[in-house]
Amino acid sequence: MKKNAFLFLWALLTSFAAMAQSGLPEVDKSPMDMCYYPAQYPNLKTQDRKTDPLTARVIYSRPKKEGRQVFGGLVEYGKLWRLGANEATEIEFYRPVIIGGKKIVKGRYTLYAIVNENSWTFIINKETDVWGSFKYSQAKDAVRIDVPVQALKESIESLVMNFEKENQTIKLVVAWENVKVALPISL
Amino acid sequence: MIKQFSILVLLACLSFRCDQKEKEAPEAEKAVIPDTVKNQQPDKSVNPYASVDVSPMDMSYFPVDYPKLKMANANIPPPVVRLIYSRPHLQRRHLFNGILKYDEAWRLGANEASEITFYKPVSIQGKKIPAGRYILYGIPHIDKWTIILNSNIDSWGLKQDSTKDAGRFDVSILTSDISLEYFTMVFEKTETGADLVIAWADIVARLPITL
């Protein structure tokens, strides 16, 4: 048993060493992920299943809590947060949508948030292909919308985003630690 | 002896529970994914919305690290190309004895089809590629790889529709003395543009892109 554990560790270490030697990028600590509306769209499309029309996609990186206090700690209240890690979180609309009463034309945008204890401000911004929120400019905002915070009973380790549909409204659900918020998107 | 027995029982229970879980998976998630196996360092916590993928997604730009370059220089011209792909890992398997098969199409990634976006027209092996979004897949052969651009975007990587191929390119392969645990795709600058470097285990293929 001990020998196996040792072999496993050795294999792990040598693989990391190989990665470092090759000069090619290692796997990110906060791995990237993707979600679509309709949920699972690529999978369903490839199975020739009928779905709602393709509407939106988010590409984001997923930091972990790793024992830290996230909201009010790692993510400071009242300050701009990149809602992810590494490359700025990207939201793409495949058709025009309405957010916060404002018409948003189809295309790629970046997504940020200002987090507070009881509400979040989602920010959709026109500057794409950027890193984090370090050069964020409010002049390029497409829309801002305030949404209430919902408390979760169970703590979520990795930041997660997922599209859901309730009545005729699509919601981008964002959850991390003990908090869940939903960005409403109308067609 | 008793200890060994109890471990066996525990393992049996665990495997039974795993089986049950698979049966409960929704239809859409049932697709067989031969190039992913259980992660050795997963985020094991409960996540009711979306668990973290075994094969994490990643992104490569050319110019390399474009978003960081843009952070340093707001007036930089638009990027040339962006690639989004998922990164399966070997996990003690052999690339051509368990994961890939010679002469069979492979999605060059995992999960969603790997996606490549050209922000401007480029040329590959003399063929003009209009700006736009494509998916990428490949066919590994024993002495070369075929790299394929296809227009069936927003699809899952397991089933390719070759009627939508936008270009097929044969590239030679090299064997490296370093073995990569994770499947890796990056761009490297060349005199005429950039190479898309495709590397996994000890195999390296390069697709030259001319600007």
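Trainee: Let's start in chain B of this predicted model. Which residue of S7(B) does Ile135(B) stand opposite?

Mentor: Happy to begin there. Ile135(B) belongs to the pairing of S6(B) with strand S7 (residues 144-150) of chain B, where six bridges join the two strands and the direction is antiparallel. Across from Ile135(B) in S7(B) is Asn150(B).

Trainee: How many residues lie between S6(B) and S7(B) in their hairpin?

Mentor: S6(B) and S7(B) are antiparallel partners. They form a hairpin, and the number of residues between them is three.

Trainee: Which residue of S6(B) stands opposite Thr117(B)?

Mentor: Here we turn to another pairing of S6(B). Strand S3 (residues 114-118) of chain B runs antiparallel to S6(B), and five bridges join them. Within S6(B), the residue opposite Thr117(B) is Arg133(B).

Trainee: Why is strand S6 of chain B described as largely enclosed?

Mentor: Nice one to reason through. The strand covers residues 132-140 of chain B, and it is largely enclosed by the rest of the structure because, of its nine residues, the number buried is seven. For the cut-off, a residue is buried if 20 or more other C-beta atoms lie within 10 Å of its own. So the count behind the enclosure of S6(B) is seven of nine.

Trainee: What share of chain B is buried?

Mentor: Let's set out the whole chain. Chain B has two helices and nine strands, in the order α-β-α-β-β-β-β-β-β-β-β from the N terminus. Among its contacts between residues at least 6 apart in sequence, 53% join residues at least 24 apart. Of the 211 residues in chain B, the buried share is 34%.

Trainee: Which element of chain B supplies the largest share of the side that touches chain A?

Mentor: The contact takes 39 residues from chain B and 41 residues from chain A. On the side of chain B, strand S1 (57-62), helix H2 (66-72) and strand S8 (165-189) each supply at least two residues. The largest share is seven residues, and these come from S8(B).

Trainee: How many residues on that side of chain B are nonpolar?

Mentor: Chain B brings 39 residues to the contact. The side of chain B that touches chain A includes five polar and eleven charged residues, while the nonpolar ones number 23.

Trainee: Over to chain A. Are the faces of S2(A) covered or uncovered?

Mentor: Good thing to check on the model. In a regular strand the side chains alternate between the two faces of the sheet. On one side of S2(A), Ala56(A), Val58(A) and Tyr60(A) are buried, and on the other Arg57(A), Ile59(A) and Ser61(A) are buried too. That fits strand S2 (residues 56-61) of chain A having six of its six residues buried, and both faces are covered.

Trainee: Which residue of S2(A) does Met32(A) stand opposite?

Mentor: Look at strand S1 (residues 32-37) of chain A, which six bridges join to S2(A) in an antiparallel arrangement. Opposite Met32(A) stands Ser61(A).

Trainee: And which residue of S4(A) is opposite Arg57(A)?

Mentor: S2(A) also pairs with strand S4 (residues 90-93) of chain A, through four bridges and again antiparallel. In S4(A), the residue opposite Arg57(A) is Glu92(A).

Trainee: Finally, how many strands does chain A have?

Mentor: Reading from the N terminus, the elements of chain A run α-β-α-β-β-β-β-β-β-β-β-β-β. Buried residues make up 34% of the 187 residues in chain A. Its secondary structure has two helices, and its strands number eleven.

Terms used. Residues numbered from 1 in each chain as written. Chains lettered and ligands numbered in written order. Predicted model: local features only at pLDDT ≥ 70, side-chain atom pairs only at ≥ 80, totals over all residues. Buried ≥ 20, exposed ≤ 12 C-beta atoms within 10 Å, placed from the backbone. Pairing = 2+ DSSP bridges. Contact = placed C-beta atoms within 7 Å. Nonpolar A, V, L, I, M, F, W, Y, C, P; charged D, E, K, R; others polar.
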